[in-house]
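Work through the exercises below with the sequence and coordinates open. Try each task before reading its solution.

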There are 2 protein chains.
Amino acid sequence: MSKFGLYTKFKTHEGQRDALVDLLLAVASGMESVEGCDLYVVNIPDNETNSIWVTEIWNDPSAHKASLTLEEARVLIERAKPFITGIEQIKLNPLGGKGI
Amino acid sequence: MSKFGLYTKFKTHEGQRDALVDLLLAVASGMESVEGCDLYVVNIPDNETNSIWVTEIWNDPSAHKASLTLEEARVLIERAKPFITGIEQIKLNPLGGKGI
């Protein structure tokens, strides 16, 4: 399995998480038609009020990289920037499991 | 959506990650027949040599809780303990996305 995984944590300004959640759910909808994207889930953690975690699994790293250059993605990234105060990413090598 | 998500980071003793990966992939296989488990993926991060991240999505929190009491799970947890030096968990509320 040469899949590619990502956990991305977005920190937002106070009171702006819901707006960024809506944007990221729009990104997730756009992923429905993106080849190579196996999983794109928008989550909120139970212990932080201004954070969002996005879980991604891609069929290979190049599919993920290509997606970032799509015009639609670039527009959404620009719209998201004002809400975001910080980003952390954990890059993963998925070895196997259920549901992928 | 009232699903339940988890990122679990296992830290292992030096040189024992592969053994724990094998155990966790066995857990993942067992999940194939567990109702309520939508996703259970075993990952290694690209920047740490003694860590494993497991990504889980459950249909609801009670399904996850019930799974921990299964005899098979309890046996595997006991077998895993000697390899593990630490565990961190991030509990998540999945709001939506692709692939779930």
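The model is predicted.

**Exercise 1. Helix packing**

Task: Find the angle at which helix α1 (residues 17-31) of chain A and helix α3 (residues 71-80) of chain A pack, and classify their relative direction.

Solution.
- Step 1. Compare the axes. The angle between α1(A) and α3(A) is about 175°, and the axes lie 10 Å apart.
- Step 2. Apply the cut-off. Angles over 145 degrees count as roughly antiparallel. Therefore α1(A) is roughly antiparallel to α3(A).
- Step 3. List the contacts. From α1(A) come A:L20, A:L23, A:A26, A:V27 and A:G30. They meet A:E72, A:L76, A:R79 and A:A80 of α3(A).
- Step 4. Sort by class. The α1(A)–α3(A) contact holds 6 nonpolar, 1 polar and 2 charged residues.

**Exercise 2. The fold of chain A**

Task: Give the order of elements in chain A from the N terminus on, then judge its compactness from the radius of gyration.

Solution.
- Step 1. Count the elements. Chain A contains 3 helices and 4 strands.
- Step 2. Read them in order. The run is β-α-β-β-α-α-β.
- Step 3. Test against the globule rule. The radius of gyration of chain A is 14 Å, and the rule gives 13 Å for 100 residues. The two values are close, so chain A is as compact as a globular protein of that length.
- Step 4. Add the extents. The C-alpha trace of chain A spans about 40 × 30 × 20 Å along its principal axes.
- Step 5. Check burial and contact range. Of the 100 residues in chain A, 30% are buried. Take contacts in chain A between residues at least 6 apart in sequence: 71% of them join residues at least 24 apart.

**Exercise 3. Two glycines**

Task: Decide whether A:G5 is buried or exposed, and do likewise for A:G86.

Solution.
- Step 1. Place A:G5. This residue sits in strand β1 (residues 4-12) of chain A.
- Step 2. Count its neighbours. A:G5 has 26 other C-beta atoms within 10 Å, so it is buried.
- Step 3. Name its contacts. Leaving out residues up to four places away in sequence, A:G5 touches A:E56, A:I57, A:L92, A:N93, A:P94 and B:N43.
- Step 4. Place A:G86. It belongs to strand β4 (residues 84-98) of chain A.
- Step 5. Count again. A:G86 has 10 C-beta neighbours inside 10 Å, so it counts as exposed.
- Step 6. Look along the chain. A:G86 and A:K9 are 77 residues apart in sequence, yet their C-alpha atoms are 8.1 Å apart.

**Exercise 4. Barrel and interface**

Task: Trace the order in which the 8 strands close into a barrel, and describe what chain B brings to the contact with chain A.

Solution.
- Step 1. Follow the pairing. The order is β1(A)-β3(A)-β2(A)-β4(B)-β1(B)-β3(B)-β2(B)-β4(A), with antiparallel pairing.
- Step 2. Check the turn. Neighbouring strands are turned by 35° against each other on average, direction ignored.
- Step 3. Examine a pair across the chains. β2(A) and β4(B) are antiparallel over 6 bridges. In this pair, A:N43 stands opposite B:P94.
- Step 4. Examine a pair within chain B. β1(B) and β3(B) share 8 bridges. B:Y7 has B:T55 as its bridge partner.
- Step 5. Size the contact. Chain A gives 31 residues and chain B gives 31 residues.
- Step 6. Assign the chain B side. β1, α1, β2, β3 and β4 of chain B each supply at least two residues. By class, that side has 19 nonpolar, 7 polar and 5 charged residues.

Key: Residues numbered from 1 in each chain as written. Chains lettered and ligands numbered in written order. Predicted model: local features only at pLDDT ≥ 70, side-chain atom pairs only at ≥ 80, totals over all residues. Axes fitted to C-alpha atoms, helices over the stretch in contact; angles between N-to-C directions. Parallel < 35°, antiparallel > 145°, perpendicular 65-115°, else oblique. Contact = placed C-beta atoms within 7 Å. Nonpolar A, V, L, I, M, F, W, Y, C, P; charged D, E, K, R; others polar. Pairing = 2+ DSSP bridges. Buried ≥ 20, exposed ≤ 12 C-beta atoms within 10 Å, placed from the backbone. Rg over C-alpha atoms; globule rule 2.2 N^0.38 Å.
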